[in-house]
Every structure is written in structure tokens, then in C-alpha cells.
2 protein chains.
Amino acid sequence: MTAQLIALDWGTSNLRANLLDPYGHSLEQRQSAMGVMKVPNGEFGSVLVELCGDWMQAHRVPLIASGMVGSRQGWKEAPYLSCPATLKQAALHLTEVQFDAPVAGTNCVYIAPGLKCIDEHAQTDVMRGEETQIWGAQLPPSSICVLPGTHSKWIWLDAAGDFQNFKTFMTGEMYSLLTQHSILGRLMDISETGASFKLEVFLRGVSLGVSGHAEVLHTLFAARTTGLMGHLNAIELPDFLSGILIGAEIGSARLHAVKQVHLLGEGSLCERYAQAFQHQGIAFVHVSEQATTKGQWLLARAAGLVKV
Amino acid sequence: MTAQLIALDWGTSNLRANLLDPYGHSLEQRQSAMGVMKVPNGEFGSVLVELCGDWMQAHRVPLIASGMVGSRQGWKEAPYLSCPATLKQAALHLTEVQFDAPVAGTNCVYIAPGLKCIDEHAQTDVMRGEETQIWGAQLPPSSICVLPGTHSKWIWLDAAGDFQNFKTFMTGEMYSLLTQHSILGRLMDISETGASFKLEVFLRGVSLGVSGHAEVLHTLFAARTTGLMGHLNAIELPDFLSGILIGAEIGSARLHAVKQVHLLGEGSLCERYAQAFQHQGIAFVHVSEQATTKGQWLLARAAGLVKV
């Protein structure tokens, strides 16, 4: 099978490369720990050639990339595209970056743009990388999509299936901050987190977070007083806090008419969101496939980089 | 003038001692950096004697204390009194702790109880130290009182002037966490904070925080995107974030029918709250006097420790 495209998922911590066939399926996959933050002296080209220079030589196919590689701290800034945004528009706004390739014809990487939108408070929100994942997931029109993470994203697609707007919630980062650096963490033992997930305690947190989402700076304090009063112990408190935060996120997002959502992602964090949705009576479809590569393929096709 | 009482404001970072006359006025004041967290091996008695053992010998008067000295990490736990709570009840629930005093008759300190209440989400809230300050401020019945701080407190007094309930907001701690440890801090320069307060930027944050208080985990992200978009610079961003947080606190507290508030405290943080209240059309009275000593005097009098 002839290779058609090298697709790069280049994030903060990792670089994943896929060699794709004419149907966008993976022929071979490679991974490197050289995430954007670890590339020395801006030598992105060298890192790339080291990981898949042999692919370039053997197949002479175009390269497409998405993720933090297109940020200001990355290889080259790929400007944010404004919502409402379509896959076709994104494909027309790929940012070219040249590098020293081992053979002619493959010395250019096309970086996908991030997206930006303006919320109802006139504030800008941004994403970079997730948009490609969602395009790859090929969700139905008018879908609402949730991507849990350090900064979890809620995305509202319009009737045509394009990006209408989205919202970032700092839920995951807040959990890390509060368990590691705040007074809430002092009563907690986070060494067991994950190993001994307390569903009932987590859901108690979810209920509280949902009902107290309009006063989060106060609601969070319950993760201290519940410990002070001896109602939860040091191992239970992290799951309670996690529930409060995820519940607050859901309570806030619900303001924007949430009925059914598509949950994108894998692992224990996604499982927590699934439990919280179920508990709150929010119908959801769990889309666990890795959609980023598919999104990159669709972008490359729409940009005319691959002929099919 | 004969001394009547030694009043100790013993918090996490400092110990302040006041020798009081029969009217509750200060005859002499002393301060030590031996806050609760710095007292070695639980030697609270020794620390106390070192600071004002000569007062004990000279006057043989009772001692009263309030603040974190009554916490589990303090000298002896003074259990929380449930709201609604009166000064008289607090005076009936002082916790005695004995120590080796230089003379007989002064070998006991009476520690004021903290307060607890249950919020509308069935969660416990607590305070320790602020209650004494508020009693000392002798506010009118049905007052609403705000004490800015690491954990700022909003207190609702009832028609008799007693504690009805209160709410803690983790606003100050959140500001520290986010500027020092989060992704928001990466775009900020906090070295100038305070020296160059940007009122207009702060108030822009307040507006956003108030209108976005129901989705704080999202609203806070504006302190990153505003920097990313180049709308605010590294020196302005901390004041913008401070505004968002204080605005969110006000937006949340406002849910509980806030018309006029009493603002207790001093310094630049209190000044920020004053600016925010003014901007939001919330009438306030700034009560800047140090009320803690007065509160301790009133407690001691209600407990019969001093005869007047």
C-alpha cells in the first residue's frame, strides 16, 4: 500500500507520528518524548527528521501537524481561526514551515490553525489541537462535545457540523493546584489517588459542585471543612474535591442548555466525567477512538495535500 | 490605672498581646513573631511567659486569647460554636488551658471558641478569630460584614446583632495559587504588584468576575487569553486576575441579597474591595479600627473574667 501522508500530533509533552495510506489508515506509528517543551533551541526540524526521516526518504509524502507545535512557544505560530469555523476554512489556513529534509519534496510541514471564539462576556477563548481531534470524530450536526483534561473543553457544533463556539474550564489544573499547593491539600493523602477511587464520595462532590457552581470560591472550601469535621478522611478528600470541580464545570456548562453530550477521550478522567454525567441525568455517548489522526487526514485532504 | 486583662490575638503568623485597663483600653501592647505555626514542641506557655510574664507578675490579671491558638494545630482545641451564636454563648464556652505561670492566679488562659454554620448545601463552614473581631466592631443588627483575606469571610448578623450565618471564599488563596503555580502566572510579572496598581484593569476584571461568577472555572481562563491576544501586558494581568476573583466573590455573595456591607480591615486588599463595591454600586461602610482587642474585652466581661 502506498503511503500518502505523514501526520504529526505534536503536543507539549509528546510527538506522535503516523504514516497514512490512501484511506487515511495508519501504516506505521512512532512516538517520541520530544514534546514542544523539550525541543532544544528550536530544532524542531532535526527532531522530526530523527523520528521519521526514513519515511520521508522512502515515500516523499507531505507532512501535516497539529497541536502545540503551532503555538507561539512551538515551531511556528499558526494563527487562531475565528469561530464559527469549518474544516474547509482550517484547511485553507494551514501554516507552512520549511526545514532541512533528507530529500526534496518533503521539506515542508503544514501546521493546522488553532481556533478562537468570543464568549458572551466578550472574552476570547482558544484551543489548539482539540479542534483536529473533533473534526476527526466526525460528530453529528448540533452536537455538544466534551474533552476532559487539564483544561477541559466544551464545544458546541452548529447545524452544519461546524464549530459554533466553545468554552475552556480550568478544572484539571485547578485540581492539581488545590491538592498540591493549597490549604485543602494539607488534609489530603493523594498517594492513593486512582488506586482507590471512591465513587460514592466523588458523586457526593459532584452533587455539591453542581448545586454550588455559582459560588465555586466558597463551595471548594467544603473540601477543607469536611475533613476538619471528620466527615471524610485523607484518602477520600481528593475524590470529593475532584467531584466538586467536575460538578461545578457541569453546573456551569449546563447554563448553556446541555441535553446530550459526546464525551471524547480515554482513561480514568473520562470515566469520572461519565460517572458524573450519569449521576446528573445527562445523556452521553462515549467516543473513545483516537480521532486526531483522522482529523489530520481530513484536513490534508481538504487542503489538497493528498489526492484521493 | 489598674490593669484588668491580658488579651492575646494569637494567629498563624503572629502573637499580639494587650494589657487592658478597666475600660478595655490598651495600657501597653507587645508583639511577637511566634505565631501558632512557629511555636516549637507545643511550648505555648513558655512563649507566652517570655512575651508578658512581667505583666502577669505585676498585675495578676486573667488572660483571654482568640485566633488559631484555639485550632487543632494550636495550644488546645476550642470547639466550634454553632450558629446562630451570640457573644454571651461564646463567653460561656471559653476553653481553659493551664500553663506554668510565674505567679499564682494567672496560670490559665481562656481561649475563645471558633464558629461553625451549615450552608444551604448542607456543608459546614468555619471561622476562628474573625468572630472576635466582629464582636468587637459592634455592628448594627442585620448587618452584612465582609472581611477580606486569604480566606475572605462574609457574615450575616441577625436582627439581634448575633451571628446568623457566614460564608468563606478562598479568593486570596486562589490568587496566590494562580499567580504562582498555574499557567495563568506564566504570562504575568508579579514583581510590581502593589507598586503599580492598575485600577482600570482591576475594575475590568471585577465586571467580568461578577458577570461570569456562575462559571468561574471558565471565566478565570480569560486571564490567560487576554495575555495571549496581547490585550493586557504582564504587569497588568495580575490586577485583572485579582479583579476577576474579587468580582466572582461579590457576584456569588450577591446571590444572598447584599445591599449594604460593612468592610472590616485595612491595607491595599481592603482598598481593592472598596473599589469593587463602589464600581458595582454596593454601598459600604469601611470599619478600619482594630476590633479584635475590643471583642476580647467584651468576651471577658461577658464571661465574668473582669469586673466592671
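A residue counts as buried if 20 or more other C-beta atoms lie within 10 Å of its own, as exposed if 12 or fewer do, and as partly exposed in between, with C-beta atoms placed from the backbone. Helices (H or I, at least four residues) and strands (E, at least two) are DSSP runs, numbered from the N terminus.

The model is predicted, so local features need pLDDT of at least 70 and side-chain atom pairs count only at pLDDT 80 or more, while totals for chains, interfaces and linings use all residues. Residues are numbered from 1 along each chain as its sequence is written, and chains are lettered from A and ligands numbered from 1 in the order in which they are written.

**Exercise 1. Describe how strand E1 of chain B is covered and which strands it pairs with.**

Solution. Begin with burial: strand E1 (residues 5-10) of chain B is mostly covered, since six of its six residues are buried. Next, take the two faces in turn. In a regular strand the side chains alternate between the two faces of the sheet. On one side of E1(B) stand B:Leu5, B:Ala7 and B:Asp9, on the other B:Ile6, B:Leu8 and B:Trp10, and all of these are buried.

Then turn to pairing, where two strands pair if DSSP finds at least two bridges between them. Six bridges join E1(B) to strand E2 (residues 15-20) of chain B in the antiparallel sense, and these two strands form a hairpin with four residues between them. With strand E4 (residues 63-66) of chain B, E1(B) pairs in the parallel sense over four bridges. Finally, follow one residue: B:Ala7 has B:Asn18 as its bridge partner in E2(B), and B:Ala7 also stands opposite B:Ile64 in E4(B).

**Exercise 2. Find which residues touch the most other members of the largest nonpolar core.**

Solution. A nonpolar core is a set of buried Ala, Val, Leu, Ile, Met, Phe, Trp, Tyr and Cys residues joined through C-beta atoms within 7 Å. The largest such core has 183 residues, of which A:Ile64, A:Leu220, B:Ile64 and B:Leu220 touch the most other members. As a next step, look at the surroundings of one of them, remembering that two residues are in contact if their C-beta atoms, placed from the backbone, lie within 7 Å. Not counting residues up to four places away in sequence, A:Ile64 touches nine-membered company that can be located in the structure, including A:Leu5, A:Ala7, A:Tyr110 and A:Leu305.

**Exercise 3. Follow helix H3 of chain A into the loop after it, and compare the loop residue with B:Leu139 in chain B.**

Solution. Seven of the eight residues of helix H3 (residues 130-137) of chain A are buried, among them A:Glu130, A:Ile134 and A:Trp135. Just after this helix, A:Gln138 takes a positive phi of about 45 degrees, and this residue is found in the loop between H3 and strand E10 (144-147) of chain A. A:Gln138 is partly exposed because 14 other C-beta atoms lie within 10 Å. Its C-alpha atom and that of A:Gly295 are separated by 8.4 Å, although the two are 157 residues apart along the chain.

In chain B, B:Leu139 lies in the loop between helix H3 (130-137) and strand E10 (144-147). B:Leu139 is partly exposed, because 19 other C-beta atoms lie within 10 Å. Leaving aside neighbours within four places in sequence, the contacts of B:Leu139 are B:Ile134, B:Cys145, B:Leu157, B:Gly161 and B:His262. Of these, B:Leu157 is 18 residues away in sequence, and the C-alpha atoms are 8.6 Å apart.

**Exercise 4. Work out how chains A and B are related and what each supplies to the contact.**Solution. First superpose the copies, by least squares on the C-alpha atoms of residues with pLDDT of at least 70 in both. A turn of 180 degrees and a shift of 0.0 Å along the axis lay chain A on chain B with an RMSD of 0.0 Å. The two copies are therefore related as by a two-fold rotation axis. In chain A, the C-alpha nearest this axis belongs to A:Ala214, 2.0 Å from it. The same surface serves both copies, as 100% of the contact residues of chain A recur in chain B.

Now consider the contact, which takes 35 residues from chain A and 35 residues from chain B. Among the elements of chain A that each supply at least two residues to this side are strand E12 (163-169) and helix H5 (199-211), while the largest share, five residues, comes from H4(A). Sorted by class, the side of chain A that touches chain B has 17 nonpolar, 13 polar and five charged residues. Here Ala, Val, Leu, Ile, Met, Phe, Trp, Tyr, Cys and Pro count as nonpolar, Asp, Glu, Lys and Arg as charged, and the others, Gly among them, as polar.
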